[in-house]
Structure formats: structure tokens, C-alpha cells
Amino acid sequence: MSHPIRPFRFGVNMVTFGSGEEFRKRCRRAEEQGYDIVQVPDHLGLSAPFPALAAAAEVTERPRLGTFVLNAGFWNPALLAREVATVDQLSGGRLELGLGAGYVKAEHDTAGLPWASPGGRVDHLEHLVAEVSRLLADPDHAPRPVQQPVPLLIGGNGDRVLRLAARTAAVAAFTGGRQVPGEPEGTMKLISPAELEQRTGALPAFAAERAEPPELNYLIQYVAQTSDPGEALERLRPYGPAMSDEELLAHPALLLGSPEEMAEQLRANRERYGFSYFTVLDPYMDAFAPVVAELSGN
């Protein structure tokens with residue numbers, strides 16, 4: 001089964017915060033530049049996701065708002081359902097709930113939270129998805145979300161997480177990375193384009209019982225309007241040390257060239273992998289904005 005060709009959609013993940021006014025200005029600029037969704041990650045040392053999204057809701061009208069992605073180990077279902085419903089209300093029904101199993105042990109240690117095995121973390125993610133979905137669908141739940149259901153994005157590459165996304169999510173998000181064997185938990189490297197294609201290719205079979213498989217999202221790690229790939233290659237090489245230059249340049253994590261060349265690369269990535277929903281990190285939002293203008297809705 002092949003992936004359906006969907007219209008492009010673009011998000012910006014706000015990994016830098018600064019002052020409250022600086023954050024609000026970036027959210028307004030993202031709306032002006034045509035981004036479809038403003039996203040906030042869930043890592044210690046960065047801004048708390050739900051207050052940041054509530055602030056983004058106050059200064060924007062069109063973009064949707066998303067967690068990208070919540071660390072499931074930080075949350076229990078009742079408290080998460082309250083946060084989700086509150087921000088969905090405050091935003092007029094613009095929230096997208098992104099969840100992942102978590103991959104940074106040091107954050108759990110700092111928070112005094114247990115660090116489970118990979119299988120245990122996926123167990124908790126599955127439990128969280130089921131319980132939060134049940135609570136938000138309950139007509140007696142207070143507060144009530146505007147959306148029924150609140151769209152769910154699930155991030156990960158492993159079979160169990162992909163099966164969960166195939167059953168339950170509107171969006172399956174891929175990072176294109178995996179844990180480096182023998183290194184501390186949270187040390188990631190990029191998988192090769194061929195491996196990534198195998199991972200995205202597994203999803204339609206997992207979603208065979210659905211009328212339509214999930215939309216596919218990909219997080220772009222580096223954007224540079226340049227005809228010289230050398231600097232970007234050196235920046236990304238530590239994340240894929242075993243890859244050839246050709247593999248790195250073909251990798252959807254790396255986007256180089258003029259806006260027209262980057263747009264053509266995204267069209268090729270949609271055709272090869274099924275990705276139609278791309279997220280960039282906010283340091284690259286201005287460099288990527290011309291690509292958003294060219295491709296949005298196409």
C-alpha cells in the first residue's frame with residue numbers, strides 16, 4: 001500500500017524562548033509567514049509547553065498549536081487531559097496533541113521520575129493515549145475541549161509506536177533518528193535515507209484497517225539557503241557519521257539551496273517517504289519561510 005499524496009503543511013517548533021514578548025513576536029511572525037502550526041517541545045531547560053501555547057493562542061488567529069512532542073513519562077492521564085482541554089478551549093479549538101515515549105534519561109533523573117526500559121516507556125505511552133482519549137471524550141469531563149476529538153500526533157520510529165500511531169493518531173511523526181548503542185540514553189544519530197524509507201513504508205500496512213492512514217510528519221534539523229553544502233554537511237555529520245556525503249545530502253533532515261531548490265527537495269521527499277507535514281526549528285523559520293510561501297496547500 002502506498003502513501004496518499006496530501007497537501008503540504010508546515011510547522012515551526014519554538015525551541016528558543018527569550019522574553020515573553022520575544023516569544024509572542026515569533027509566533028506572530030510565524031503566522032505572517034504562513035506557517036500552519038506553532039509547536040512547542042517538552043524538555044527540561046526549555047519553556048513549559050502548555051503555558052507557551054496559551055500565550056501563542058492569544059497573539060495568533062489562524063495557526064494551529066501543537067505539543068511537539070510531550071514526553072509521556074512526565075504526565076499522568078488526568079492532569080494531561082486537563083491541560084489539553086484548557087488550551088483547546090483558550091485557543092478556540094486549535095490544539096494538536098503530540099506525544100512521544102521519551103528518550104532522555106537525564107531529564108527523568110532531574111525530575112525525580114522513574115526511567116523505564118524502552119518497552120516500559122512505550123507501555124506508558126499506550127496507556128496515556130488510551131486514558132487521555134477516554135477522558136476527553138467523556139461528556140462529563142471538565143473542562144471540555146472544543147474539538148472532538150483533539151487531533152493526536154504520535155512521534156517515533158519503532159514498530160510498536162508506529163502501530164499505535166496507525167491505530168489512534170491523525171499524524172505519525174518521524175525524527176529519522178535512533179539511540180546510539182553503548183552511548184548514554186538520549187544520544188541519537190540519523191538513520192539512513194533507505195532505513196527511513198523502510199520505516200515510513202511500514203506504516204500503511206499497520207494502518208490497513210483505517211479508511212485513510214495517518215498524515216506523515218518529519219522534523220527538519222537544518223536549513224541553509226546556500227549552494228555550498230560543506231558547512232551543513234559538517235554540522236550534520238556527527239548525527240550520521242557512517243553515512244556518505246550523498247546519503248546526508250539526500251536526507252530529509254538537511255535542506256539546502258535556494259527556496260526553489262528546497263521546495264523541489266520537499267516534493268521529492270513527499271513522493272519517496274509520504275511526508276507532507278514538515279516541521280522546522282525556529283532558528284530556521286525565516287530561511288524556510290519562502291518555501292512555505294511556495295508550497296503551502298499544494
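**H251**

I looked up H251 first and found it in the loop between α9 (245–250) and β12 (254–256); helices (H or I, at least four residues) and strands (E, at least two) are DSSP runs, numbered from the N terminus. This is a predicted model, where local features need pLDDT of at least 70, side-chain atom pairs count only at pLDDT 80 or more, and totals for chains, interfaces and linings use all residues. Residues are numbered from 1 along each chain as its sequence is written, and side-chain values use heavy atoms, with hydrogens and water left out.

Is H251 buried or exposed? I find H251 buried, at a relative accessible area of 0% (buried is under 20%, exposed over 50%, partly exposed in between, with a 1.4 Å probe and protein chains only). Its side chain reaches the backbone oxygen of I191 at 2.7 Å. Setting aside neighbours within four places in sequence, I listed the contacts of H251 (heavy atoms within 4.5 Å), among them I191, S192, P193, Y218 and Q265.

**Strand β1**

Next I turned to β1 (residues 9–13), where five of five residues are buried. In a regular strand the side chains alternate between the two faces of the sheet. Here R9, G11 and N13 lie on one side, F10 and V12 on the other, and both faces are covered.

Which strands pair with β1? I noted β13 (residues 275–281), parallel over five bridges, and β2 (residues 37–40), parallel over three; pairing takes at least two DSSP bridges. F10 has F278 as its bridge partner in β13, while G11 stands opposite I37 in β2.

**Helix α11**

Last, I checked α11 (residues 285–295), whose buried residues include F288, V291 and L295. G297 follows α11 and has a positive phi, near 80°.

Key:
A polar contact is a pair of N or O atoms within 3.5 Å; within protein, one must be able to donate a hydrogen and the other to accept it, and residues adjacent in sequence count only if both atoms are side-chain atoms.
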